[in-house]
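Trainee: I'm new to this one. Can you walk me through it?
Mentor: Sure. Have a look first, then ask away.

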Amino acid sequence: MAQASSVVNINKRKLCVSLPFHGFVVATALLLLCFVPNNVSAAFRRQPPQLQPSQKLRFDRNGEFKILQVADMHYADGKTTPCLDVLPSQVHGCSDLNTSTFIQRMIEAEKPNLIIFTGDNIFAFDAKDSAKSLNAAFAPAIAARIPWAAVLGNHDQEGTLSREGVMKHIVGLKHTVSQFNPSEAHIIDGFGNYNVEVGGVEGSGFANKSVLNLYFLDSGDYSTVPNIPGYGWIKPSQQLWFERTSAKLQRAYMRPPKAQKSSAPGLVYFHIPLPEFASFDSSNYTGVRQEGISSASINSGFFTTMVEAGDVKAVFTGHDHLNDFCGQLSGIQLCYGGGFGYHAYGKAGWSRRARVVVASLEKTEIGGWGVVKSIKTWKRLDDRHLTAIDGQVLWSKNSAGKLRK
């Protein structure tokens, strides 16, 4: 698979600096009941735009639900957009189309039930028309007629569409399960905070119950607080929505029919990693860490919020293209997708990659399908063989550890 290189300064791609950690700012979401944050967009004082009918997601007849994560496509203008940071011998003819071809190869190889794009879907600064760039970036998923979801990164809004405009455009595309924002949250920061429920196998006792919950949040772009530098973060209003949604889903899971004693597993997707991603070293993660953790320079407390909710088993982000590891902290796996796009900064000779996650159901005594028994992951490289690496069990009802192949 042709990859390509460029001499473009990577600082233009992500302002890739290791931000200082200035301490903890505990985000008390309940304060939102008393006042409206000043930085909440006026867009949420009116009803969100009409969404297309939602698609029902469910586990397949093999008792599996497979997710393909695509992180940091950085799509711009197609075949005229050069590739960055690969070997000199791979430069000629390489463009955004290599990114599209990689998605197509991954779809053919893995046949995912859902594709999730975790931000910086386009590098809007280099795109002549953001809407056309978005259409082209998501075209392989749309053409394959596979349900897909997206969140925003820090570069999606730097072109001819505002951040709000980008998300409105995304929710209007075919086959997406993306949502502009939850209809029940009249005041919420960001664009693209929503959840998606995954039902059990059709015809099973869990067909009408969500056995896997997916949460999507807008982690922002850059700080708008004068004395706080660097990237954005997940705000108290978003955390309050997450807490309430998680609690509602857990209550539903524990009610008849098929009442359960514990919560269904949850997976969370957003773009900018949390400060807690810096908690690991080479002894306690799977994958590689080749650059600093470019989180917000303050800690909004969202990791603690997820731990307290009790249902989240793994978090998946992008943003740092040269990191692709998973590490467990307080019962939650924190995972990078690894750089996917060819117009994104990378490392010459280090293949672009994608993360695959598979949730598997347990077999019941009568031969049917029950609840989720395990969640596994691996990555595939955009090389000749789409080489699979770093297989591991992220979570199981019994234990977590290495996946033996």
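Trainee: Where does Asp390 lie?
Mentor: Asp390 lies in strand S13, residues 388-396. Keep in mind that this is a predicted model.

Trainee: What is its phi, given that Asp390 is not a glycine?
Mentor: Positive, about 55°.

Trainee: Is Asp390 buried or partly exposed?
Mentor: Partly exposed, because its relative accessibility is 28%. Buried would need under 20%, and exposed over 50%.

Trainee: What about Asp85, what sign does its phi have?
Mentor: Positive as well, about 55°, and Asp85 is not a glycine either. Asp85 sits in the loop between S2 and H2.

Trainee: Buried or exposed, that Asp85?
Mentor: Asp85 counts as buried, because its relative accessibility is 13%.

Trainee: Let's switch to disulfides. How many are there?
Mentor: The count comes to 2 disulfides. In one, Cys83 and Cys94 are joined, with sulfur atoms 2.1 Å apart. Both cysteines are in the loop between S2 and H2, 11 residues apart.

Trainee: Which hand does the link of Cys83 and Cys94 have?
Mentor: Left-handed, with -80° about the S-S bond. Both Cys83 and Cys94 are buried.

Trainee: And Cys326 with Cys335, how far apart are their sulfur atoms?
Mentor: 2.1 Å, and they form a disulfide. Here the torsion about the S-S bond is about 120°, so the Cys326 and Cys335 disulfide is right-handed. Both Cys326 and Cys335 are buried.

Trainee: What is the pairing if I number the bonded cysteines in sequence order?
Mentor: It reads 1-2, 3-4.

Trainee: Now helix H3. Why does its length make sense?
Mentor: H3 runs over residues 130-143, which is 14 residues. At 1.5 Å a residue it should span 20 Å, counting one less than its number of residues. The end C-alpha atoms of H3 are 19 Å apart, which agrees.

Trainee: Where does H3 bend?
Mentor: At Ala137, by about 40°. A proline, Pro140, follows within four residues.

Trainee: Which residues of H3 are buried?
Mentor: Ser130, Ala131, Ser133, Leu134, Ala137, Phe138, Pro140, Ala141 and Ile142. Here is a handy rule for reading such a list. An α-helix has 3.6 residues a turn, so residues three or four places apart point the same way.

Trainee: What do the buried residues of H3 pack against?
Mentor: Two helices and two strands: helix H2 (96-110), strand S3 (114-118), strand S4 (148-151) and helix H4 (163-171).

Trainee: And the ends of H3? What happens at the start?
Mentor: A side-chain oxygen of Asp129 comes to within 3.0 Å of the backbone nitrogen of Ala131. After H3 comes Arg145, with a positive phi near 60°.

Trainee: Next, aromatics. How many aromatic pairs does the structure hold?
Mentor: It holds 19 aromatic pairs. One of them is Phe102 with Phe340, which is stacked: 4.2 Å centre to centre and 15° between the planes. That pair links distant parts of the chain, 238 residues apart. Phe102 is in helix H2, while Phe340 is in the loop between strand S10 and strand S11.

Trainee: Buried or exposed, Phe102?
Mentor: Phe102 is buried, with a relative accessible area of 0%. Phe340 also counts as buried, at 0% relative accessibility.

Trainee: And how are Phe280 and Phe325 arranged?
Mentor: Edge-to-face, 6.0 Å centre to centre, with 70° between the planes. These two are 45 residues apart. Phe280 is in the loop between strand S7 and helix H6, and Phe325 is in the loop between strand S8 and strand S9.

Trainee: What relative accessible area does Phe280 have?
Mentor: 5%, so Phe280 is buried. Phe325 counts as buried too, at 0% relative accessibility.

Trainee: Which residues form one aromatic cluster with Phe280 and Phe325?
Mentor: Phe277, Tyr285 and Tyr336 join them there.

Trainee: Last topic. What is the peptide bond from Pro256 to Pro257, cis or trans?
Mentor: Cis, with omega near -5°. Pro257 lies in the loop between helix H5 (236-253) and S7.

Notes. Residues numbered from 1 in each chain as written. Predicted model: local features only at pLDDT ≥ 70, side-chain atom pairs only at ≥ 80, totals over all residues. Heavy atoms only, no water. Bend = angle between axes of the 7 residues up to and from the residue. Buried < 20%, exposed > 50% of the residue type's maximum accessible area, 1.4 Å probe, protein only. Contact = heavy atoms within 4.5 Å. Polar contact = N/O pair within 3.5 Å; in protein donor to acceptor, adjacent residues only side chain to side chain. Disulfide = S-S within 2.5 Å. Phe/Tyr/Trp six-rings, centres within 6.5 Å; stacked < 30°, edge-to-face > 60°.
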